[in-house]
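Please look at the sequence and the structure below, and then work through the exercises with a pencil in hand. Try each task before you read its solution.

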Amino acid sequence: MSEHHKSKPEHIRVDMIAHDKSKPEILRAEIVAESRLFKVESLHLKFSNGEERVYERMRGGNRGAVMVVPMLDAHTLLLVREYAAGTHSYELGFPKGLIDPGENAFEAGNRELMEEAGFGANSLVPLKQVSLAPGYFSSRMDILLARDLYPEQRIGDEPEPLEVIPWPLNRIDELLARPDFTESRSISALLLAQKWLAEQGNERP
């Protein structure tokens with residue numbers, strides 16, 4: 001990179017972070033690659049200091065996604081084990097999926113919970129909306145905590161039945177150490193749920 005295009009980092013105090021910083025202007029946007037599932041979009045951007053760059057990103061369908069941390073009881077959460085094509089392995093994680101047209105995050109979360117774990121929830125608590133690699137993906141996911149479960153099974157689109165595994169809260173460190181519990185969103189969901197439960201006075205035994 002030439003000296004002209006190098007820039008020094010700005011050191012800013014936490015309490016001085018600007019929430020109204022001007023976004024780069026999109027000069028041109030075009031789809032440069034497309035498959036059945038994905039669209040790659042090229043963005044020609046102009047930043048507030050006059051610099052121009054071309055970025056590529058995976059363009060989402062603006063539907064959003066949801067992940068649910070189900071609490072079987074006050075001391076046990078539920079995991080599902082399913083095949084992950086990206087790593088060609090079976091991974092432990094939480095029920096998740098896209099929000100269907102006409103659904104909100106809570107409706108989608110309850111549906112996915114029924115399809116993947118065989119339970120519905122009388123209570124769904126929003127924990128946080130997260131993104132995955134925001135430099136490349138525009139999609140966002142709502143993470144919900146599900147409590148007061150009741151048995152209800154719906155048919156989903158999984159190619160094989162998912163394994164549903166009750167996991168004690170007092171064995172979270174063991175779960176985090178497992179080589180088949182690696183998805184960053186599941187790890188984030190677990191820690192967010194643990195934090196919320198602790199704040200409610202439900203610390204791990």
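The exercises that follow concern a predicted model, and each task comes with a worked solution.

**Exercise 1: the overall layout**

Task: State how many helices and strands the protein has, and describe the pattern that they follow along the sequence.

Solution: Begin by counting the elements, which gives 3 helices and 10 strands. Next, read along the sequence, where the pattern is β-β-β-β-β-β-β-α-β-β-β-α-α. Then turn to the extent in space, where the C-alpha trace spans about 60 × 45 × 35 Å along its principal axes. Finally, consider how the chain comes together: among contacts between residues at least 6 apart in sequence, 58% join residues at least 24 apart.

**Exercise 2: surface and charge**

Task: Describe what share of the residues is buried, and what the protein exposes.

Solution: Of the 205 residues in the protein, 32% are buried. The protein exposes about 13,400 Å², and carbon and sulfur atoms supply 52% of this area. As a last step, consider the charged side chains, of which 25 are positive and 33 are negative, with the centres of the two sets lying 6 Å apart.

**Exercise 3: the nonpolar cores**

Task: Find which residues of the largest nonpolar core touch the most other members, and which elements supply at least two residues of this core.

Solution: The largest nonpolar core has 24 residues, and those that touch the most other members are Leu-77, Leu-79, Phe-94 and Leu-145. The elements that each supply at least two residues of this core are the strands β4 (65-73), β5 (76-84), β8 (119-131) and β9 (140-151), together with the helices α2 (172-177) and α3 (184-199). Of these, α3 gives the most, with 5 residues. Now follow Leu-79 to its contacts beyond four places in sequence, which include Leu-92, Phe-94, Ile-165, Trp-167, Leu-175 and Phe-181. A second, separate core has 15 residues, among them Val-66, Val-68, Leu-113 and Leu-124.

**Exercise 4: a pair of aromatic rings**

Task: Explain why the pair formed by the rings of Phe-47 and Tyr-55 is tilted.

Solution: A search of the whole structure finds 3 aromatic pairs. The rings of Phe-47 and Tyr-55 have their centres 6.2 Å apart and their planes at 45°. Planes under 30 degrees apart count as stacked and those over 60 as edge-to-face, with the rest counting as tilted, so the angle of 45° makes this pair tilted. To complete the picture, Phe-47 is partly exposed, with a relative accessible area of 27%, and Tyr-55 is likewise partly exposed, at 39% relative accessibility.

**Exercise 5: three single residues**

Task: Locate His-88, Asp-148 and Pro-95, and decide whether Pro-95 is buried or exposed.

Solution: Start with His-88, which is placed in the loop between β5 and β6 (89-93). His-88 has a positive phi of about 50° although it is not a glycine, and it is exposed, with a relative accessible area of 63%. Asp-148, which is found in strand β9, has a positive phi of about 55° and is not a glycine either.

Pro-95 is found in the loop between β6 and β7 (96-98). Since buried means under 20% relative accessible area, Pro-95 counts as buried, at 0% relative accessibility. Beyond its neighbours within four places in sequence, Pro-95 is in contact with residues including Val-66, Val-68 and Leu-113, which are also among the members of the second core.

Notes
Residues are numbered from 1 along each chain as its sequence is written. This is a predicted model: local features need pLDDT of at least 70, side-chain atom pairs count only at pLDDT 80 or more; totals for chains, interfaces and linings use all residues. Side-chain values use heavy atoms; hydrogens and water are left out. Helices (H or I, at least four residues) and strands (E, at least two) are DSSP runs, numbered from the N terminus. Buried means under 20% relative accessible area, exposed over 50%, partly exposed in between (1.4 Å probe, protein chains only). Contact means heavy atoms within 4.5 Å. Accessible areas come from the Shrake-Rupley method with a 1.4 Å probe; for residues, only the protein chains shown count as cover. Lys and Arg count as positive and Asp and Glu as negative; His and the chain ends are not counted. The place of a charge is taken as NZ of Lys, CZ of Arg, CG of Asp or CD of Glu. A nonpolar core is a set of buried Ala, Val, Leu, Ile, Met, Phe, Trp, Tyr and Cys residues joined through side-chain atoms within 4.5 Å. Rings of Phe, Tyr and Trp (its six-membered ring) pair if their centres lie within 6.5 Å; planes under 30 degrees apart count as stacked, over 60 as edge-to-face and the rest as tilted.
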